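Subject: Structure handover

Hello,

The structure we discussed is below, with my notes after it. Please read the two together.

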Amino acid sequence: MRESRTVPKNGLPPALTRNLRLPAIAAPMFLVSGPEMVIAASRSGVIGSFPAPNARTSADLEDWVSRIDSALSNDPDAAVWAVNLVVHPSNSRLPEDLACVVRHKVPLVITALGSPARVVEEIHAYGGLVFADVNSVGFARKAAAAGVDGLVLVAAGAGGHTGATAGFAFVEEVRQFWDGPLVLGGAISTGHAVRAAEILGADFAYLGTSLIACAESMAVPGYKEMVVAAGAEDIIPSKGITGVTANWLKSSLIAAGYDPANMPEDKRPNFSDAQDDAKAWKNVWSAGQGVGAVRGIEPVADIVDRLVSEYDAAATRPRFAPAEGVIA
């Protein structure tokens with residue numbers, strides 16, 4: 001049985017911090033995060049999440065949400081969980097997916113690829129929380145104005161659809177106008193990095209790449225093996241696959257017939273059919289620059305245990321002290 005503890009977070013909604021062993025969210029990853037991964041993450045002491053489009057249909061989403069809710073709602077040791085909704089105007093499934101979220105009163109919703117204003121009111125009506133996934137300071141301002149409860153800053157180095165701003169600068173600038181819950185993503189693959197995100201001013205870290213190869217992930221074996229073998233130099237940013245800049249594994253681009261040095265950059269984004277979009281991601285695989293920290297194909301619980309140990313070590317690391325006789 002895992003160690004029972006809750007990470008204290010003054011000023012944050014208690015629902016977010018209940019049973020957390022690590023101030024972190026298992027990021028929703030397209031074609032990677034599913035019910036098994038969400039349940040394992042929440043039971044291991046981090047917030048589990050998945051993108052609604054990973055369920056092939058809205059009926060499948062109903063089944064997934066029911067399974068997760070059934071597994072976690074009566075588990076006294078589980079952390080909270082979340083559904084990621086794609087709010088891009090081209091996503092025709094959004095009304096059905098939102099209705100499912102509202103029907104089940106999903107505790108946390110993370111929006112992506114558009115304005116969260118389309119869903120905030122309905123989620124707040126049942127007491128749910130809305131975090132907005134943003135990849136620029138400008139989008140962070142717009143999301144804050146839309147009435148969200150938290151911001152997820154997708155910084156440079158993040159896997160999947162990524163940002164261009166370094167986490168150090170991103171958190172600092174957003175904290176000038178936002179004092180609510182803040183999540184930082186982008187090459188955070190160790191417990192030391194989770195602690196560093198807190199030091200910068202974030203409340204939570206977004207864990208994506210570090211979990212792609214977990215045993216409960218939906219990623220195919222070849223994808224997991226490629227992640228384990230890769231390093232930061234194997235990550236290529238491009239708009240050429242989805243029309244939105246994302247970080248891709250170089251070997252998967254080559255295997256799919258692309259030239260990583262000459263990627264097409266004129267594709268227009270369209271999220272009207274997530275399963276059609278899945279064709280583009282089926283053999284072209286994403287990961288972030290923190291991929292070098294992934295050690296093997298392991299259960300989520302083992303990964304979280306290691307991250308907790310690293311986090312604790314980072315939290316007790318002594319501060320710099322000037323040498324004797326040096327004026328501080």
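A helix here is a DSSP run of H or I, at least four residues, and the helices are numbered from the N terminus. Please keep in mind that this is a predicted model.

Helix α8

By that definition α8 covers residues 191–200. Just after α8 comes Gly-201, which takes a positive phi of about 125°. Within α8 the buried residues are Gly-191, Val-194, Ala-197 and Glu-198. They lie on the same side of the helix, because the arc they cover around the axis is only 110°. What do the buried residues of α8 pack against? Their partners are two strands, β8 (182–185) and β9 (204–207), and one helix, α13 (300–315).

The sheet

β8 and β9 also belong to an open sheet of eight strands, paired in parallel, in the order β1-β9-β8-β6-β5-β4-β3-β2. Its edge strands, β1 (24–26) and β2 (48–51), each pair on one side only. From one strand to the next, the twist averages 25°.

At the β2 end, β2 pairs with β3 (residues 81–86) in the parallel sense, over four bridges. Pro-51 stands opposite Asn-84 of β3. Two helices pack on the sheet in this region. Helix α3 (residues 58–72) touches β2 and β3, and its direction makes about 160° with that of β3. Helix α4 (residues 94–104) touches β3 and β4 (108–112), and its direction makes about 165° with that of β3.

Regards

Key: Residues are numbered from 1 along each chain as its sequence is written. This is a predicted model: local features need pLDDT of at least 70, side-chain atom pairs count only at pLDDT 80 or more; totals for chains, interfaces and linings use all residues. Side-chain values use heavy atoms; hydrogens and water are left out. Buried means under 20% relative accessible area, exposed over 50%, partly exposed in between (1.4 Å probe, protein chains only). The arc is that of the directions from the helix axis to the C-beta atoms. Contact means heavy atoms within 4.5 Å. Two strands pair if DSSP finds at least two bridges between them. Axes are lines fitted to C-alpha atoms, for helices over the stretch in contact, and angles run from 0 to 180 degrees between N-to-C directions.
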